[in-house]
Amino acid sequence: LDVATTLLATDQGDDAGRTGQLYERLYGRPPTPSEVARTGAFRDQFAKGLAADEPDTSPSECNLRAWQALCQTLLASNEFVYLD
């Protein structure tokens, strides 16, 4: 299973809890409130764009793909790639 599928399968209660779990897993720290807000906006915009571009895509598929895109973005970040 990919990271996004695993996150969505866990009982974190809400997207902020999932975001917290993702940051802990990837960066070893909790996200800041700003990061929680930005990741939420990213996922929302990604899912809305996908739904507009591919109208036959289900909302759950749009949500999964938005989480997958977020995971890929965080994995490509400087914070993940470089250790201090």
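Which residues make up the largest nonpolar core? I began with that question, and before answering it I noted what kind of model this is.

**Entry 1: the model.** I am reading a predicted model, in which local features need pLDDT of at least 70 and side-chain atom pairs count only at pLDDT 80 or more, while totals for chains, interfaces and linings use all residues. Residues are numbered from 1 along each chain as its sequence is written, and side-chain values use heavy atoms, with hydrogens and water left out. The pLDDT is the predictor's confidence in each residue, from 0 to 100; I found an average of 91 for the protein, with 94% of the residues scoring at least 70. Among the elements, H3 has the highest mean pLDDT, 97, and H5 the lowest, 77. I keep in mind that predicted coordinates should not be read in detail where pLDDT is low.

**Entry 2: the core.** I take a nonpolar core to be a set of buried Ala, Val, Leu, Ile, Met, Phe, Trp, Tyr and Cys residues joined through side-chain atoms within 4.5 Å. Buried means under 20% relative accessible area, exposed means over 50%, and partly exposed lies in between (1.4 Å probe, protein chains only). The largest such core has 11 residues in all: Ala 4, Leu 7, Leu 22, Tyr 23, Leu 26, Tyr 27, Leu 64, Trp 67, Leu 70, Cys 71 and Leu 74. The elements giving two or more residues to this core are H1, H2 and H4, and H4 gives the most, with five residues. The helices named here are DSSP runs (H or I, at least four residues; strands are E, at least two), numbered from the N terminus.

**Entry 3: core residues from H1 and H2.** I looked up Ala 4 in helix H1, and it counts as buried because its relative accessibility is 1%. Contact means heavy atoms within 4.5 Å, and, leaving aside neighbours within four places in sequence, Ala 4 is in contact with Leu 64, Trp 67, Gln 68 and Cys 71. The C-alpha atoms of Ala 4 and Arg 65 are separated by 8.2 Å, although the two residues are 61 residues apart along the chain. With the same neighbours set aside, Leu 7 is in contact with Arg 18, Gln 21, Leu 22, Trp 67 and Cys 71. Leu 26, in helix H2, is buried at a relative accessible area of 15%, and, not counting residues up to four places away in sequence, touches Leu 74, Leu 75 and Phe 80.

**Entry 4: helix H2.** I noted that H2 has 13 residues and reaches 17 Å from its first C-alpha to its last, close to the 18 Å expected at 1.5 Å a residue, where the expected span is 1.5 Å times one less than the number of residues. The buried residues of H2 are Arg 18, Thr 19, Gly 20, Leu 22, Tyr 23, Leu 26 and Tyr 27, and what covers them includes helix H1 (3-9), H3, H4 and H5. Just after H2, Gly 28 takes a positive phi of about 70°.

**Entry 5: Thr 39.** What does the side chain of Thr 39 reach? Thr 39 is found in helix H3 and is buried, with a relative accessible area of 5%; its side chain reaches the backbone oxygen of Val 36 at 3.0 Å. Not counting residues up to four places away in sequence, Thr 39 touches Thr 19, Tyr 23 and Leu 70.

**Entry 6: salt bridges.** A salt bridge is a side-chain nitrogen of Lys or Arg within 4 Å of a carboxyl oxygen of Asp or Glu, and by this rule I record five. The side chain of Arg 29 meets that of Glu 35 at 2.8 Å, N to O, and that of Glu 79 at 2.7 Å, N to O. The pair of Arg 29 and Glu 79 links distant parts of the chain, 50 residues apart, with Arg 29 in the loop between helix H2 (15-27) and helix H3 (33-53) and Glu 79 in helix H5 (residues 78-81). Arg 29 is partly exposed at 21% relative accessibility, whereas Glu 35 is buried at 11%.

Arg 65 forms a salt bridge with Glu 54, their closest N and O atoms being 3.2 Å apart. Arg 65 lies in helix H4 (residues 59-75) and Glu 54 in the loop between H3 and H4, so this pair ties together parts that are 11 residues apart in sequence. Finally, salt bridges that share partners join Asp 15, Arg 18 and Arg 43 into one network.

Key. A polar contact is a pair of N or O atoms within 3.5 Å; within protein, one must be able to donate a hydrogen and the other to accept it, and residues adjacent in sequence count only if both atoms are side-chain atoms.
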